[in-house]
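Here's a quick briefing to read alongside the fold. Have the viewer open and follow the topics in order.

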Amino acid sequence: MKTVEILLYSLQTGTGEAFHQIMHEISVPLHRTCGMDVVRYGQSLHDPDSYYLIRAYDNAEHLETSQSAFYASDAWRSGPRESIIALIASSIKSVITLANAALGALRQADL
């Protein structure tokens, strides 16, 4: 079992493509370099200005420590932080537990 965080973003109107480009080219690689497990991310099928980010952790403690380190890092603060925040109108977060097999299925799903 893994602790899984699901982030849902409502983006500023018309910014979905720009947001995805920043996520794909800068933010997600940075997450992975910092040891964070990005399971899946992208634009919602119902609205290109709605976005999701799914990250997995060993447990709730791992979530807290890795995010604290990531969001305090110079790589984040001097990197994509400002560009990303400017495009987000609102966000919501949910944390659940999922079996490893379920995470594997999410990773393999067609985009």
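In this predicted model, 4 strands make an open, antiparallel sheet, and their order is E2-E3-E1-E4. E2 and E4 sit at the edges with a single partner strand each, so one side of each has no neighbour in the sheet. From one strand to the next, the twist averages 15 degrees.

**How the strands pair up**

- E1 and E4 (residues 88-98) run antiparallel and are paired over 10 bridges. If you want a landmark here, Tyr-9 stands opposite Ser-91 in E4.
- E1 also pairs with E3, again antiparallel, through 8 bridges. Leu-7 has Leu-53 of E3 as its bridge partner, and Glu-5 has Arg-55 of E3.
- Between E2 and E3, which are antiparallel too, there are 6 bridges, and Arg-40 partners Ile-54 in E3. The link from E2 to E3 is a hairpin through 6 residues.
- Edge position or not, E2 is mostly covered, with 5 of its 7 residues buried.

**Helices against the sheet**

- H2 lies across E1, E3 and E4, and runs at about 120 degrees to E3.
- H5 (residues 100-108) packs on the sheet as well, touching E1, E2, E3 and E4. Its direction makes about 40 degrees with that of E2.

**The nonpolar cores**

- As a rule, nonpolar side chains in soluble globular proteins tend to be buried together.
- The largest nonpolar core here has 20 residues, and the members touching the most others are Tyr-9, Phe-19, Met-23, Tyr-41, Tyr-51, Leu-53 and Ile-84.
- Which elements give two or more residues to this core? They are strands E1 (2-11), E2 (37-43) and E3 (50-57), along with helices H1 (16-33), H2 (60-72) and H4 (81-87). H1 supplies the largest share, at 5 residues.
- Apart from that core lies another, of 6 residues, including Val-4, Val-39, Tyr-52 and Leu-103.
- Leu-53 is a good place to zoom in: beyond residues up to four places away in sequence, it touches Glu-5, Ile-6, Leu-7, Tyr-9, Met-23, His-31, Val-38, Arg-40 and Tyr-41.
- Ser-27 belongs to helix H1. Is Ser-27 buried or exposed? Its relative accessibility is 1%, so it counts as buried. Leaving aside neighbours within four places in sequence, Ser-27 is in contact with Ile-22, Trp-76, Pro-80 and Ile-84.

**Aromatic pairs**

- The structure holds 6 aromatic pairs. In the pair of Tyr-9 and Phe-19, the ring centres are 5.6 Å apart and the planes are at 55 degrees, so this one is tilted.
- That pair links distant parts of the chain, since Tyr-9 is in strand E1 and Phe-19 in helix H1, 10 residues apart. Both Tyr-9 and Phe-19 are buried.
- Phe-70 and Tyr-71 form an edge-to-face pair, because their planes are at 80 degrees, with ring centres 4.9 Å apart. Phe-70 is buried, at a relative accessible area of 1%, whereas Tyr-71 is partly exposed at 28%.
- Tyr-9, Phe-19, Tyr-51 and Tyr-52 together form one aromatic cluster.

**Salt bridges**

- Searching the whole structure turns up 5 salt bridges.
- Asp-58 forms one with Lys-2, and their closest N and O atoms are 2.8 Å apart. Asp-58 lies in the loop between E3 and H2 and Lys-2 in strand E1, so the pair ties together parts that are 56 residues apart in sequence. Asp-58 is partly exposed, with a relative accessible area of 47%, and Lys-2 is partly exposed at 23%.
- Arg-107 and Asp-37 meet in another salt bridge, at 2.7 Å from N to O. With Arg-107 in helix H5 and Asp-37 in strand E2, this pair ties together parts that are 70 residues apart in sequence. Arg-107 is partly exposed at 40%, as is Asp-37 at 26%.
- Arg-81 and Glu-82 also bring their side chains together in a salt bridge, with 2.7 Å from N to O. Arg-81 is partly exposed at 24%, whereas Glu-82 is exposed at 51%.
- Glu-5, Arg-55 and Lys-93 are joined into one network by salt bridges that share partners.

Key. Residues are numbered from 1 along each chain as its sequence is written. Side-chain values use heavy atoms; hydrogens and water are left out. A nonpolar core is a set of buried Ala, Val, Leu, Ile, Met, Phe, Trp, Tyr and Cys residues joined through side-chain atoms within 4.5 Å. Buried means under 20% relative accessible area, exposed over 50%, partly exposed in between (1.4 Å probe, protein chains only). Contact means heavy atoms within 4.5 Å. Two strands pair if DSSP finds at least two bridges between them. Axes are lines fitted to C-alpha atoms, for helices over the stretch in contact, and angles run from 0 to 180 degrees between N-to-C directions. Rings of Phe, Tyr and Trp (its six-membered ring) pair if their centres lie within 6.5 Å; planes under 30 degrees apart count as stacked, over 60 as edge-to-face and the rest as tilted. A salt bridge is a side-chain nitrogen of Lys or Arg within 4 Å of a carboxyl oxygen of Asp or Glu.
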